[in-house]
Amino acid sequence: MAKTIMIQGTMSNSGKSFLTAALCRIFRQDGYRVAPFKSQNMALNSYITRDGLEIGRAQAMQAEAAGTEPTADMNPILLKPTSQMGSQVIVRGEVAGSWKAMDYYRRKQQFIPLIRESFARLADQYDIIVLEGAGSPAEINLRDHDIVNMGMARLAGAPVLLVGDIDRGGVFASLYGTVALLEPEERAMIRGLVINKFRGDPEILRPGLKMIEERLGIPVTGVIPMEQVDLDDEDSLSRRLEPGHGVMGAAEHERMLDVAVIRLPHISNFTDFNVLERKEGVFLHYVKSPGELGRPDLLILPGTKNTMEDLRWLRESGLEPRILRLVREGQVPLVGICGGYQMLGQELVDPEGVEGPAGNRINGMGLLPVRTVFTGQKTRTRARGVLEPDSRMFAGCGGRQLEGYEIHMGITEPAKNRIGTGRTSQVSLGDGSGREALAAADFPVICRDGRSADCKDSCGAFPPIRLADGRADGFESADGLVFGSYLHGLFDNEWLTDRLLERLARKKGIRPGKHLESVKEYKERQYDKLAALVRRSLDMEQVYRILEQGLGK
């Protein structure tokens, strides 16, 4: 059986995923077969395993750091919030249903045998398992039904390192308060304290470390300084999504490509765009209002866990008319991925109540001649395909092989009998003036005859990707300004991304950025950087002693 160690935190975003990935990398470097494990994750960023199952993105990232293939056993339960009170529940990579929070809370004990099975399979295959908790173990209202923090540590026989975030302030109070709220047997499971995101002179911190050790009787295993390490983020608490992240001045704007991603309320898999952020000469930022949008060189509508609700938000915020105006003027190309692609169509219909009340229907942005019908069947698959030579958005890339993965509810097909400009819905401009602007219906749509077999014959729009299984993916407008696809990871095909950025740079009159290292090389360097940071920050001899002793004395 594998040896175990668990990382828990005093709060969300304290650094649990970060430290779990670091230990996975360190143990791998030291010659061990190591795997991550999180019994229950709540996140909208997800990943498709080789066998077509869905897990949290953080566990896939940690497995990558460990040098092993991600599997559904590493994250047997994934909760994907669809509203303030409900989530889609993924069990061992498959959709079990969409439940309200209280319904899940009452039923989650039934998943303990399944969690045990997943953990046992990993324990049979690996030397070390690094477990990650969720939120805080001190949420005393959830203690009786806990399956992810101390309940999981007990089940796995895993000693715990408790992580506190000093950057937010109050780290000693949060460490002390967390331990104080635990039951005596739970306190005994905590074998080390870790302070994360420290800035400044460690000598000033040292008296506090001694006092917290004396008060709690638990050693401080280490202090990890604040250092920039670029890992795939787990959810919308990511700093890269914060307003003002990487603000660019006027001078920089003239020298760099401005890529704007719409920060949808239920944004998912925004890791799709990390590769753009890493490109030299590219400024990528997330926007939530028309005032933040400006006039970018490329617009992106990302994936979302609730397409229809986020499309309504897009209208209420005033972003939709602004986006449509930029595209209509023929200046700014727009790419929609997954839910963003669905929004670009003519109509979205939810007959089964997948995203809300059954029978819900909403007009799309009218930029592509497609219609989406939501069904209970979820598409989860890795995909390979070929970019069609007619693509103008990605000109010069035709015939090249590309890879990605699909995670979506709904089927998107060419619209039938959608003539195009009959809608009269209006949306607020969102500028406080009380004025309204006509919505997407008042701009000409690209396809007018609604033929379902081959729209290209009549309007020039066409599916730009031919998948290996014979399906067509996405749609692109005749002028190449609007491109929609279900493929997450599209921009990870760097030859495609580089060609697009080169074209946009020439259009702006600036020199394209230099070709940098590949995505794989970049990630490997980041994992090694992370491991080096944590090695010199933690007492690794103490970590190995904790690992060897387990929950024994």
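In this report, Ala, Val, Leu, Ile, Met, Phe, Trp, Tyr, Cys and Pro count as nonpolar, Asp, Glu, Lys and Arg count as charged, and the others, Gly among them, count as polar. The structure under discussion is a predicted model.

Rolling a probe the size of a water molecule over the atoms shows where empty space is left. A search of the whole structure finds three cavities of 30 Å³ or more. The largest cavity has a volume of about 180 Å³. Its lining is made up of 17 residues, and those nearest the centre of the cavity are Thr304, Lys305, Ile407, His408 and Met409. Four elements each supply at least two residues of this lining: strand S17 (303-304), helix H14 (339-343), strand S21 (370-387) and strand S22 (401-414). The largest share, three residues, comes from S22.

The second largest pocket has a volume of about 990 Å³. Among the 29 residues that line this pocket, Tyr47, Glu64, Arg382, Glu403 and Lys523 are the closest to its centre. Two or more lining residues are given by each of strand S4 (46-48), helix H2 (57-66), S21, S22, helix H16 (494-508) and helix H17 (519-537).

The table sets out the residue classes of the two linings.

| Lining | Nonpolar | Polar | Charged |
|---|---|---|---|
| Largest cavity | four residues | nine residues | four residues |
| Second largest pocket | nine residues | six residues | 14 residues |

The strands S21 and S22 thus appear in the account of the largest cavity and in that of the second largest pocket.

Technical notes. Residues are numbered from 1 along each chain as its sequence is written. This is a predicted model: local features need pLDDT of at least 70, side-chain atom pairs count only at pLDDT 80 or more; totals for chains, interfaces and linings use all residues. Side-chain values use heavy atoms; hydrogens and water are left out. On a 1 Å grid over the protein atoms alone, a cavity is a set of points where a 1.4 Å probe fits but cannot get out, and a pocket is an open set with protein on both sides within 12 Å along at least five of seven lines; lining residues have an atom within 4 Å of a point. Grid points are joined across faces, edges and corners, and a volume is the space filled by probe spheres set on the points.
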